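Biologist: I'd love a close look at one part of this model, the sheet and the helices that pack on it. Could you walk me through that region, with the salt bridges and side chains that belong to it?

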Amino acid sequence: MSIKKRLLISNILMIALPSVAALVISFGANELFWYICRGYEMVYYRFFRFDYRMAVRFTSYVTVVGVIISVLVVNHYLSKYVIKAIQKPLGILSDGVKRVGEGQLSYRIAYETQDEFKKVFDDFNEMAGRLEASVNAIERQEKNRKELIIGISHDIKSPLTSIKAYVEGLLDGVASTPQAQKKYLTIIKEKAEDIDRMVNTLFLFSKMDAGEYVDHPERINIAGELRSIFEAVHDEYMDKGLKISLESPKEGYVVADPELLHRVFMNIIDNSEKYKDKSDAALSIKMSRCDSGFEISFLDNGPGVPEAALPKLFDVFYRADASRSDPKKGSGVGLAIVKKAIERMGGSVRAANGALGGLLITLYLPEA
């Protein structure tokens, strides 16, 4: 029962019960007085007026005292009736606040009574849920930050070590001929370019992770974008040992940043090329229309990923196993950028192992 109804009932009873009590006491006192007086028949008539006044006075006194007592009794029990309806929910709420304050962020209050406190408890549960999500997000960000630092240190160390070794070789005269010196300098240049690409990639990811990346969304034909990329890189990746095939409709429009979308596609293609383990490596790209948008799937015939590692594949610096953990093959940030970029466009990304092996990455983007 709601507190409002309890108060309404209490107010009614505060009036009704004392009134009934007054009537009952008044009637009872009057009857009692005249019952006593019947024992004095000899003086009854002579002192009738006196007895009548006395009866009225007696009845009034008893009625007033009875009403006061009944009001106090009724008020006592009705107050307990109303206060109990308030104290119990407040106790439950206080206990919930204490539990959450102690770190039990998953604690929720189960309150089924349909009264004014129901919304309070619903709001408390919603607040606790948001607090839990916020704390979890902070913990994930802190974990990502630590992994980012470890990953940067690990991935930059390798090319820096190579640069140091080749510079020492030049200084020590190991490369004594112009051809050897040119070879050393070329390698140093390549390693420096690797570091530059890595820093640019990390800078992009950091800006996206902090929400500071400024994109320029526009309505673009994603099917046309795929064909353009396919025509531009097909021969290049064929020379690297990766055969790319494309199957897509003539057109399909989405709202996206063209530069960011291009980077997404190239990151996935690069990922398949870097981790190929066959001489006849292949990547199949298919675009299809779904209920409210488009799905673009990238299926390679590479080593695949353990099932337990699939949910973590888009985490920054995560590498599933030895076949995908060579720092020379990437920074471990490419797929993390893919996930963040697609989510900024209102889409989603998922990974799975192909039916015949290899890694399947599926993008979803809503239709413009």
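Modeller: Happy to, and let's start with one side chain. At 43% relative accessibility, Glu-343 counts as partly exposed, because that value lies between the 20% and 50% cut-offs. Please keep in mind throughout that this is a predicted model. Glu-343 forms a salt bridge with Lys-339, and their closest N and O atoms are 2.7 Å apart. Both residues belong to helix 8, where they sit four residues apart, about one turn of the helix. Lys-339 is partly exposed too, with a relative accessible area of 30%.

Now to the place of that helix. Helix 8 covers residues 334-344 and packs on the sheet, where it touches strand 6 and strand 7. Its direction makes about 20° with that of strand 7.

The sheet itself is open and has five strands in the order 2-4-5-7-6, with mixed pairing. Its edges are strand 2 (242-247) and strand 6 (348-353), each of which pairs on one side only. From one strand to the next, the twist averages 15°. At one end of the order, strand 6 pairs with strand 7 (residues 359-366) in the antiparallel sense, over six bridges. Within this pairing, Asn-353 has Leu-359 of strand 7 as its bridge partner.

Helix 7 (residues 258-274) also packs on the sheet. The strands touched by helix 7 are strand 2, strand 4 (281-289), strand 5 (293-300) and strand 7. The direction of helix 7 makes about 170° with that of strand 7, whereas for helix 8 the angle with strand 7 is about 20°. Strand 7 is thus touched by helix 7 and by helix 8.

Helix 8 has a helical neighbour as well. Helix 5 (residues 178-209) packs with helix 8 at an angle of about 40°, and their axes are 10 Å apart. That angle makes helix 5 oblique to helix 8, because it falls outside the ranges for roughly parallel, perpendicular and antiparallel. The crossing of the two helices is left-handed. On the helix 5 side, the contact is made by Thr-201, Leu-204, Phe-205, Met-208 and Asp-209. Helix 8 contributes Ala-336, Ile-337, Lys-340, Ala-341 and Arg-344.

Back at the sheet, there is a salt bridge you may like to click on. Arg-289 and Glu-367 form it, with their closest N and O atoms 3.0 Å apart. This pair links distant parts of the chain, since Arg-289 is in strand 4 and Glu-367 in the segment after strand 7, 78 residues apart. Arg-289 is exposed, with a relative accessible area of 51%, while Glu-367, at 40%, counts as partly exposed.

For a comparison elsewhere in the chain, try helix 4 (residues 116-171), which holds both Asp-123 and Lys-119, four residues apart, about one turn of the helix. Their side chains meet in a salt bridge of 3.1 Å, N to O. Asp-123 is partly exposed at 36% relative accessible area, and Lys-119 counts as exposed at 56%. In total, the count comes to 12 salt bridges.

Methods:
Residues numbered from 1 in each chain as written. Predicted model: local features only at pLDDT ≥ 70, side-chain atom pairs only at ≥ 80, totals over all residues. Heavy atoms only, no water. Pairing = 2+ DSSP bridges. Axes fitted to C-alpha atoms, helices over the stretch in contact; angles between N-to-C directions. Contact = heavy atoms within 4.5 Å. Salt bridge = Lys/Arg side-chain N within 4 Å of Asp/Glu carboxyl O. Buried < 20%, exposed > 50% of the residue type's maximum accessible area, 1.4 Å probe, protein only. Parallel < 35°, antiparallel > 145°, perpendicular 65-115°, else oblique. Left-handed = near helix turned anticlockwise from the far one by under 90°.
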